[in-house]
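Subject: Structure handover

Dear colleague,

I am passing on the structure below, together with an account of what was found in it. Please keep it open beside this message as you read.

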Amino acid sequence: MDDRSRALLKTLIERYIEEGQPIGSRTLSRFSGLDLSAATIRNVMANLEDMGLVTSPHTSAGRIPTPRGYRLFVDTMVTVRPLEEIATREMEKGLLPDSPQRVMNSAAQILPNLTHFAGVVMTPKRAQVFKHIEFLRLGEGKILLIMVIPEGDVQSRILPTTQDYTPSQLVEADNYINTQFAGKSFAEVRAHLASDLDNLRSDISGLMALALHSGVSDYGMGQGDMLLSGERRLLNVGDLSTNLDKLRKMFDMLEQKSVLLQLLDVSSYADGIQIFIGGESDLLPYEDLAVISAPYSVDGQVVGTLGVIGPTRMAYDRVIPIVDITFRLLSGALSSPTNL
């Protein structure tokens, strides 16, 4: 593609994002800065259409970008605008070091507040190891199991038991289990118990069996959770809200989460910002949607992904830096010593 064609394509997409209407040759002539006749512009547009970069709606002589055109635009033509100072300060204030869950919730709220689209944060997959376990007697036949994982989150479960354990037995079991198994995976605990359970005292072995069979041992075996916020803002996007069938499919996707989780999981292996244009692949099969995402980390290790879900006709030059700054601030807040 020559420079003239690139300039006209860039102008067309920028004006379409701004105006939301098919762009004709007069608009291109006025905003491109090129001294070209209307006939020359129409010829270039015809070539771009043959290349699959633009298309012409049946009701208009103007043209709009295709997913392929958007892809070329975001990969090679977008000039990212610096984020406004007031928005940057708002993000820094909202993502101060705090508990991991509150920081991630804040990130999920900040993204839609600044972009006016939906924000999503895929939380870290739960660790398969525990840092500390404690048993507390609730009464006859009931024990409270408390488990702390390395990230600092706490899980609890009430365990029914046929044996009435004394407080001293529970403390002894705590000490033994934490000494022998803290920092180990549940698979290692299971393997150890399979061979050594008979050698343990009955009270300790009974408590270990209760813990493992309570379901807590599967904590973290699955995928990370997904925090979704601001999806109702998409109802205000004309490109998405005017077609009820498209609107239904979009909210079905958001509700089922599987498509987004797969997309965000792919993003976690990328380096920095990723942009998914709807209709390009099976990862995002909805042609009118785009997702801008980035992985975030804790102490240099990628643990999750965040992003913005909006229309393909979004101001990429403004949304990209919002996602970029958010994932950097979130990584910094989660890596803070106060979150250890």
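I would begin with a single pairing, in which Gly119 has Val308 of strand 10 as its bridge partner. Please bear in mind throughout that this is a predicted model. The pairing belongs to a longer run, since strand 3 and strand 10 are joined in the antiparallel sense over 5 bridges. With strand 9, strand 10 is likewise paired in the antiparallel sense, there over 10 bridges. Within strand 10, Ile309 stands opposite Val291, and Pro311 is the bridge partner of Leu289. Strand 9 and strand 10 form a hairpin with 2 residues between the strands, and in this hairpin Asp299 takes a positive phi near 50°.

These pairings are part of an open sheet of 5 strands, which run in the order 7-3-10-9-8 with antiparallel pairing. Strand 7 and strand 8 stand at the edges and have a single partner strand each, so that one side of each is left without a neighbour in the sheet. On average, and with direction ignored, neighbouring strands of the sheet are turned by 20° against each other. Two helices pack on this sheet. Helix 12 touches strand 3, strand 7, strand 8, strand 9 and strand 10, and its direction makes about 50° with that of strand 9. Helix 13, which spans residues 316-334, touches strand 8, strand 9 and strand 10, and its direction makes about 20° with that of strand 9.

How much of strand 10 is buried? The count is 8 of its 11 residues, so strand 10 is largely enclosed by the rest of the structure. Helix 12 (residues 258-267) is mostly covered as well, with 7 of its 10 residues buried. The buried residues of helix 12 are Val259, Leu260, Leu261, Leu263, Leu264, Asp265 and Ser267. Their packing partners include helix 11 (244-256), in addition to strand 3, strand 7, strand 8, strand 9 and strand 10.

A separate packing concerns helix 1 (residues 3-19) and helix 3 (residues 38-50), whose axes are 10 Å apart and meet at an angle of about 85°. Because angles of 65 to 115 degrees count as roughly perpendicular, helix 1 is roughly perpendicular to helix 3. On the side of helix 1 the contact is made by Arg4, Ser5, Leu8, Leu9 and Leu12, while helix 3 contributes Thr40, Ile41, Val44, Met45 and Leu48. By residue class, this contact divides into 7 nonpolar, 2 polar and 1 charged.

Finally, some totals for the protein chain may help you to place these details. The secondary structure comes to 13 helices and 10 strands, and buried residues make up 46% of the 340 residues. Of the contacts with a separation of 6 or more, 61% are accounted for by residues 24 or more positions apart. The accessible surface comes to about 17000 Å², and 49% of that surface belongs to carbon and sulfur atoms.

With best regards

Note on methods
Residues numbered from 1 in each chain as written. Predicted model: local features only at pLDDT ≥ 70, side-chain atom pairs only at ≥ 80, totals over all residues. Heavy atoms only, no water. Axes fitted to C-alpha atoms, helices over the stretch in contact; angles between N-to-C directions. Helix = DSSP H or I, 4+ residues; strand = E, 2+ residues; numbered from the N terminus. Parallel < 35°, antiparallel > 145°, perpendicular 65-115°, else oblique. Contact = heavy atoms within 4.5 Å. Nonpolar A, V, L, I, M, F, W, Y, C, P; charged D, E, K, R; others polar. Buried < 20%, exposed > 50% of the residue type's maximum accessible area, 1.4 Å probe, protein only. Pairing = 2+ DSSP bridges. Areas by Shrake-Rupley, 256 points an atom, 1.4 Å probe, with all protein chains shown as cover.
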